[in-house]
Amino acid sequence: MGYFAPDTVTDALRQLADGSAQIVAGGTDVYPARGRAPAAKRYLDVTSIAGFSEISHGPDGTRFGAAVTWSDIVRADLPPVFDGLKAAAKEVGSVQIQNAGTLAGNICNASPAADGMPTLLALDAQVEIASALRGPRHVPLDAFVTDVRQTVLEEDELVIAVCIPALPTGMTAAFEKLGARRYLVISICMTSANVLLDDRGAISEVRVAVGACSPVAQRLHQLERELVGVRPGAVTVTDAHLSPLSPIDDVRGDASYRSDAVRAQIVRAIQRAGTR
Amino acid sequence: MSKDFTHHTLSFRLNQAIVVASPTPGQRLSDVLREELGARDVKVGCDAGDCGACTILLDGQPVCACLTPAHQVQDRDVDTWSGLYRRDPAAKALADSLKGHGAAQCGICTPGMMVSATALLRERPDPAESEVQDALSGVLCRCTGYRKIIDAVMGVPAVTTGKSHGVGSSIPHVDADEKISGDLSYGDDVAPAGCLEILVIRSPYHRAGFKFGDLKSFAAAQDLTTILTAADVPGRNLFGVIPQFVDQPVFAEGEVRFRGEAVAAIVARPEIIAGLDPESFPVSWRKLPAVKDMQSAQGEGAAEIHEGRVQNVMCGGLVARGDAEAALKRADVLVEGRFRSAFVEHAYIEPEAGFAQVLDGRLEVHACTQAPMMDREALEAILGMDAARIRIVPTGVGGGFGSKLDPTVQPFLAIAALKTGQAVRMRYSRTESMQSSTKRHPSDIRLRIGANRNGKISGISFFGEFDTGAYASWGPTVANRVPVHASGPYSVKDYRAESKGVHTNNPPAGAFRGFGVPQSAIAQESLFDALAEKLGMDALEFRIANALENNVPTVCGQVFEQGVGIRACLTALRSAWKRESAAMAAFNSSNTTLKRGVGVAAGWYGCGNTSLPNPSTIKAGITPDGRVVLHQGAVDIGQGSNTVVSQIFAEALGVLAKQIERVGADTDITPDAGKTSASRQTYVSGNAAKLCGTALRAQVLERINVGPDATLYFEEGAIIAEDASGMHRLNLSGMSVDADGFVMRAEETYDPPTEPLDANGQGAPYAQFGYAAHLAVVEVDTEMGTVKPIRFVAAHDVGQAINPMLVEGQVHGGIAQGLGMALMEEYIPGRTENLHDYLIPTIGDIPPIETLIIEEPDLHGPHGAKGLGEHVLIPTAPALLNAIKAATGVRLTQVPATPARVRAAILKGTQ
């Protein structure tokens, strides 16, 4: 039994090397998942670790410490390409959840409907991981989350940060979320789009990622390739473009509805990103 | 420095005072605040961050205490609502604004709501509406419809309609201070910290046989105080709210009939309960075939869920007048349809909770309830114990809406307290509450309506099946009420309405605001629109042309010579209907994806029990020191009976409501004012209060020997009566005092005059009906299928508004629930057993609501007043469905009209 709140990564990794622990930051996924079951034996609280709540920019990109909350992101001074991430942050649960929940926790929880995933995929995010036993590694986000509630993280490993590589100047972003009520809602589907326009107003680069329509949120690479040279107002989405998706029937909507709605949503996200 | 809390206590500032606590690893902050540090103003509604009731400020920022590891607040600042209210003048001013708007109804969400609002106002002293919605979005409210909360936070002026005092005045709730301060104790706030707790073991299957393992060894190994099963029920292991249908066991015996049914309960110290995995309980299950819908329940080979209820039909109801079939045959225009609705969860923010103890050989149960006397009757049978030895003390009720009429925690608490001899408590988890409490009946309705060329309804034929789940609960009431109401508030000469309650292996469906009438209204009001369209008539004028009137018989053959207010409600909507229809046309001509629609619908509802005795008794007295004490037994679940009954009583006595001291519905000291259901408290208990106040006044006047026009003043130890001849003083100190401590007293009873219904449902089921008509404007995103309500105009005939502000509050809250039922709420056993998969409207989902109060006085109502609580949500859902039809051209026949269903209907309609 124990509750450990280390202030250095070294101490945190030592705890993990000693045996498995429930890693907790904002608690916004840990507690709902627990329900009425007894508490875990050991907790590792990562919110006091030096640097974990920092957002830093450099020539190589932007780095979000693993305890950076959604509210930290909303308040941070970030370039327009992070507008999608900010929009996603504002759509996470409620103010209470945004004040506690973290970006890193969102990806580690690996929900198919994780609000952060599409945007981070569109930003080409990398996950920075450390371990006392096997050393550090960087894993691209699309390889980090492997399935519903599954990641590549080993028991002795800890996510240190989420890193976004330097992005083309002038790239803009948008995030669209579809739910059955205004707030506190799990997405039926969501789309993030990053768009870079050429000087004629046509798309020169685009990244589109869709969440809640597959076990893990997906980038739509074929669509991205075929949209180069197309004006945002002329975007069409075909069945083939959606082939990376495998929507399911659940209480929020059936598969055919998801496929149908996401098509319109993708168009809207690209248009919104492209009309900044 | 890195902290290892394993062997250290926690220290932080709670409401600016340094406190220490010793949480266990991973313990929720909410738990530590409430139990170790006594901050019970922090409410717990879901333990999952879905409801926000536990919102606190952590270093000034709102977070859910239920999601915060207690250890995370070391050396930090934690503020709860109670602390802010007492310390921060801005917070106090905000609370006063809330009170002025009547924006705390049951009050359970108030602390979380106010903490969130305080944080907002510190950053944005003059927030826009959207900023208020963003900031308060994390707190769910099930009573108010949020609009008055938004107004209160934005500081807009409060309702000023009506008189300055007495009946008809918008005085603040008489119990507002204890709610807005966070001081009111609800079901889970009464028990002393550390007392024994109860954890119920429930079935994970819809139907299953079960066998216990070695309970004795398990209890010993886990250090349990005791385990309760059916064998521990001292009396009859059955309860039920309708005497002929008492069919639900406290603990199942041999077989469970629905997922979530109780089989056993663990009683143990809190630290034992916290460490116990319910999965480890020694019970083995044998899954059995279950029926999940009404069709298979009535199909061949379906097992009888209750022996003798053939084909799983519980009971039915019938109202027949004239010859519906012949009328439909000769109708010029005929429409028909099938309409279906889902289980709807009450989703009060306060889960069922209570506390029990045995004192001097008597059992005391403190719990949230809508019906304390019925709780006592149920326990009398379950415990085999004389009612005189049972005391029910209702706590504050954090929302009820019908589901807290049935016993929930009470039998477990009572049996455990008696068996252990110790004080016990329990609070349902949100999942447990959703699995085991009653629901609104799913319905499957087939309806045909005919009209002649001139637009007069010629006949209606209605057949509705209602899924009553595994146990009867209030199912028979739904079966009775629906045929009486399924015509809507219209004149229909040839009518046949048949209902059927069907058992399934679903959770019991019971009472929920409207007892089946909201479901039947969806069918009837949808088809009225279809009929008007077919006739080429305006939908509103069609309704006005067919509206019921004074001296015209209802479908039960009941003739009201006065008080029928539906035409007035409908005509009140005319100007909004014209204005909004024109605005819709303009909007739609310039938009392709977004489409607006306007819809209307009406409703009626009989106040009080259907053709059954339904008395309320109100007692009051005057103490030797000159206080007026009102024993107000009409349980206030947020709807405002404390205020309304006090206002009526005070008016009759001739004092101000705020001078009245209230005593609640404690069964030891307050007479039975009946259950809080059937929209009966304003009407029935209000009448009893009026009689009681009048009788007490007569005694005072006689004693002082002054005429009826004298003005009374109550002072310390005396009553002063002032009349034309001057001041007359009555000293109370020398008068003899009775057992209740009164020198003068009155106790009066009122029972509504009704008559039995015959085999065809003809008779006088209610002494009065209330009437309503709603107009809804929606905007549909036709690509996504999402429906965004833009505004409502709601006309309600309440006879006489005892308190117009509270009328508005009921209207807002009812519309929010009707909107939820129409657009998003669908309880699916095993799938939506929490408040993130089961969606209720948030603060961003309720548009502005304009309330038009119509006052067509009723002969029987106190000052002409009629009931209101249930009436409100009856027209809401059909008004929304009619608006969706106007916007998109497609009619939804199944609720909720989720985005997926709306989009599917649009695609089908455009094929």
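Two residues are in contact when heavy atoms of theirs lie within 4.5 Å. Keep that in mind as we walk through this model, which is predicted.

A good place to try the idea out is Glu783(B). Which residues does Glu783(B) touch, leaving aside those up to four places away in sequence? On chain A, the partners are Asp260(A), Ala264(A) and Arg268(A), while chain B itself adds Thr593(B) and Arg903(B). To find Glu783(B) on screen, look in the loop of chain B that runs between strand 32 (769-781) and strand 33 (786-797). Is Glu783(B) buried, partly exposed or exposed? Its relative accessibility is 30%, so Glu783(B) counts as partly exposed, given that the partly exposed class lies between 20% and 50%. There's also a nice lesson here about folding a chain back on itself: Glu783(B) and Val902(B) are 119 residues apart along the chain, yet their C-alpha atoms are separated by 9.8 Å.

Now zoom out to the whole meeting place of the two chains. Chain B brings 66 residues to the contact and chain A brings 53. Together the chains bury about 4500 Å² between them, with 56% of that area coming from carbon and sulfur atoms. On the chain B side, the three residues that give more than any other three are Pro25(B), Leu67(B) and Met784(B), which supply 14% of the area chain B buries against chain A.

Let's turn to chain A on its own. Chain A has 10 helices and 14 strands. How compact is chain A? Its radius of gyration is 19 Å, close to the 19 Å that the globule rule gives for 276 residues, so chain A is as compact as a globular protein of that length. If you drew a box along the principal axes around its C-alpha atoms, the box would be roughly 60 × 45 × 30 Å. Of the 276 residues in chain A, 57% are buried. And if you take the contacts in chain A between residues at least 6 apart in sequence, 61% of them join residues at least 24 apart.

What about the outside of chain A? About 10400 Å² is exposed, and carbon and sulfur atoms supply 50% of that. As for charge, chain A carries 26 positive and 31 negative charges, and the mean positions of the two sets are 5 Å apart.

For a look inside chain A, pick helix 4 (residues 83-91). Its buried residues include Gly84(A), Leu85(A), Lys86(A), Ala88(A) and Ala89(A). What covers them? Among the covering elements of chain A are strand 5 (61-65), strand 11 (172-178), helix 3 (70-75) and helix 6 (103-109). Just after helix 4, Gly93(A) has a positive phi of about 45°.

That brings us to some backbone oddities. Most residues other than glycine have a negative phi, and most peptide bonds are trans. Chain B offers exceptions to look up. Ala347(B) has a positive phi, near 50°, and sits in the loop between strand 15 (344-345) and strand 16 (353-359). With a relative accessible area of 0%, Ala347(B) is buried. Asn551(B) also has a positive phi, near 70°, and belongs to the loop between helix 17 (539-546) and helix 18 (566-572) of chain B. Finally, the peptide bond joining Val895(B) and Pro896(B) is cis, with omega about 5°. You'll find Pro896(B) in the loop between helix 23 (873-888) and helix 24 (899-909) of chain B.

Notes. Residues are numbered from 1 along each chain as its sequence is written. Chains are lettered from A and ligands numbered from 1 in the order in which they are written. This is a predicted model: local features need pLDDT of at least 70, side-chain atom pairs count only at pLDDT 80 or more; totals for chains, interfaces and linings use all residues. Side-chain values use heavy atoms; hydrogens and water are left out. Helices (H or I, at least four residues) and strands (E, at least two) are DSSP runs, numbered from the N terminus. The radius of gyration is taken over C-alpha atoms; the globule rule is 2.2 Å times the number of residues to the power 0.38. Buried means under 20% relative accessible area, exposed over 50%, partly exposed in between (1.4 Å probe, protein chains only). Accessible areas come from the Shrake-Rupley method with a 1.4 Å probe; for residues, only the protein chains shown count as cover. Lys and Arg count as positive and Asp and Glu as negative; His and the chain ends are not counted. The place of a charge is taken as NZ of Lys, CZ of Arg, CG of Asp or CD of Glu. Buried area is the accessible area (1.4 Å probe) that two parts lose on being put together, summed over both.
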